Amino acid sequence: MSVLGADFRRDLEIRRYPLLVYALVPLAALVLQAWLPRVLGRYAWFDLPLVITVYFALGRRSPIQGTIMGAAMGLFEDALSNHAIGVNGIAKTVVGFLAASVGVRIDVENHTIRLILNFLLSLLSSAIFVFIYRILLGLDLEWSWITELLKAVGNSIIALVLFPLLDRLQIRD
Amino acid sequence: MLLVILVAQIVGLAVQVRRTDAGRVTLDPQDGPGVRLIRLWADALVTPPERLMHSSKLGFGSLWQDYLDLRHVRQQNQDLEKTIDRLRLEQAELLEDAHQGQRLQALMGFQEKYIYKTLAAQAIGSSGSDQSRVFYLDKGAADGLERDMAVITADGIVGKVRDVFPHTAQVLAINDQTSGAGVILETTRIRGILRGNAAGQPQIVGIMADQRIQPGEKVLTAGGDQIFPRGLPVGVVEKVVRDPDRDSFIDVIVKPAAHLDRLDEVLVITSALPRFSPEQQQDMATSDALKGAEAATIKEQQKASELMAERLPGLTDPNAPPAPAAQPGATPPAPGQEQAAPATPPAPKLMHTQHPDRFSPGTAPEALPEATDEVKPKPRQGAKSPQNKEGLAPGVTSKQTAKPRRTP
């Protein structure tokens, strides 16, 4: 893992995408996340909005943009569920911020790093979700860590396939 | 920036929860205007593409089901052929029964089995979260859907309408942790509340441990929740586990009758009132009128019998012991107990005997002379007890053995 200076990496590898990609890719992630569980049933062990949040946060290398992207995706996820709006929002806000902060400092082109990052950030998102729901709000929620672990693995695998595809959409000089 | 967004969301969360009188924190079941607006935006953004994907039939689902997910198809095909052969034999036997059933059906004029008004809808999307078992229908307020309407399939219940948008509706499935449906076990008649667990399985919670509950028992709706009509199938008992929080309680895991993971078409019960045909309504009106006339007749008969009971003298038992004298401080009977308490019969008034003998009451027995061989009777084994001239027991006159007389 090569660790470089933050300013150097930011200047060197800030990725830019067409505006349509910023609009359509998150929307596609939200739609697929809402639609695929109907097809796959209980085997839908993934969180596409989280994967997309991590991808754009890593690619843009801007904590502010990562934070906003995470908040927007999380709030939309909450709005589609029967949860209080903001639970996923906070979790993905933190994830977006951390992913962008990490992306400034490490080489995110490496597949292993992407895999590990997605796995850890997925677990972190689940942990924040449980913390907010059970500790902060004091609501009842049964929890299965096995499912969250499988979801983290699923996110990592999807990221491994999806990130190179999304890399093709960036604007190259 | 991070702090601003986080604080804003935490404040937003605080607005949505409230504390109940019992001190528990809970989410508002009814979304506020702001929250509802956000949900409406998300719904408006996500459901049109979902609807498009659902209707196009070119989605990943059909690709998966028709081309990829073909495991065990050959074995299934062989099994199905065997089943077809067996069903052909059964069909021949059932044909005659079917004809008879059709004749009876025509005789009874029974046209519609289901008496609730329903609306068919397609499930087009879900929440996408394991912790939120909700899905979306392609029908909304414009089609007549409202909150808390029951959603079912031909197999069993599915959930209830949680939120309604103009052209879509959000349904809370019965395997969500926040859902609740009143259910009853068919055989043991034990009632409970059905809700989901972390694994997405519906379970009946809050019932005492009972050895009678066995896997395979059918679970039906109890009808007490004002959402699901009574008697709809819910599923079967899959297993019974101990409640981790309370020792004497159990959780009954239920295998749902409806395929909650792969819902396609569902029915929404838009009216819980029974829907009857005009002929049935006329029959019911006639029945009600007849019942009313019958009830009036019964009431009149009861009134007449009460009047008769007041006028007729009561029955007395002359052999009953005499009534004790009323104590000065005795508590008077309650008003409601006056008729219920048995009246103590008065002491029998004995008539004067015309030819008293030694057995007659009031006559002192004569002193028997010293036992002599002439007058001393020898008791015989099995001989009857001494009787008077009328064949009665000693000390009893013919008047006393007569039927009890009525006293005014």
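## Exercises on a two-chain model

Chain A has seven helices and zero strands. Keep in mind that this is a predicted model.

**Exercise 1.** Work out whether A:Arg61 is buried or exposed.

*Solution.* Start by finding the residue: A:Arg61 sits in the loop between helix 3 (48–60) and helix 4 (63–80) of chain A. Next, count its neighbours: 24 other C-beta atoms lie within 10 Å. A residue is called buried if that count is 20 or more, so A:Arg61 is buried. While you're there, check the backbone: phi is near 60 degrees, a positive value in a residue that isn't glycine.

**Exercise 2.** Now do the same for B:Asp148: which exposure class does this residue get?

*Solution.* Look in the loop between strand 4 and strand 5 (150–152) of chain B. B:Asp148 has 13 C-beta neighbours inside 10 Å. Exposed needs 12 or fewer and buried needs 20 or more, so B:Asp148 counts as partly exposed. Phi of B:Asp148 is positive too, near 65 degrees, and again the residue isn't glycine.

**Exercise 3.** Trace the barrel in chain B: in what order do the strands close?

*Solution.* Go round strand by strand: the six close in the order 3-4-7-6-5-14, with antiparallel pairing. From one strand to the next, the twist averages 45 degrees. Then see what chain A does here: its helix 2 (residues 19–40) packs on the sheet, touching strand 3 (117–126) and strand 4 (134–137) of chain B. The direction of that helix makes about 110 degrees with that of strand 3 of chain B.

**Exercise 4.** Find the bridge partner of B:Lys160 in strand 7 of chain B.

*Solution.* First take the pair of strands: strand 6 (residues 157–164) and strand 7 (residues 169–173) of chain B run antiparallel over five bridges. Within strand 7 of chain B, the partner of B:Lys160 is B:Leu172.

Technical notes
Residues numbered from 1 in each chain as written. Chains lettered and ligands numbered in written order. Predicted model: local features only at pLDDT ≥ 70, side-chain atom pairs only at ≥ 80, totals over all residues. Pairing = 2+ DSSP bridges. Helix = DSSP H or I, 4+ residues; strand = E, 2+ residues; numbered from the N terminus. Axes fitted to C-alpha atoms, helices over the stretch in contact; angles between N-to-C directions. Contact = placed C-beta atoms within 7 Å.
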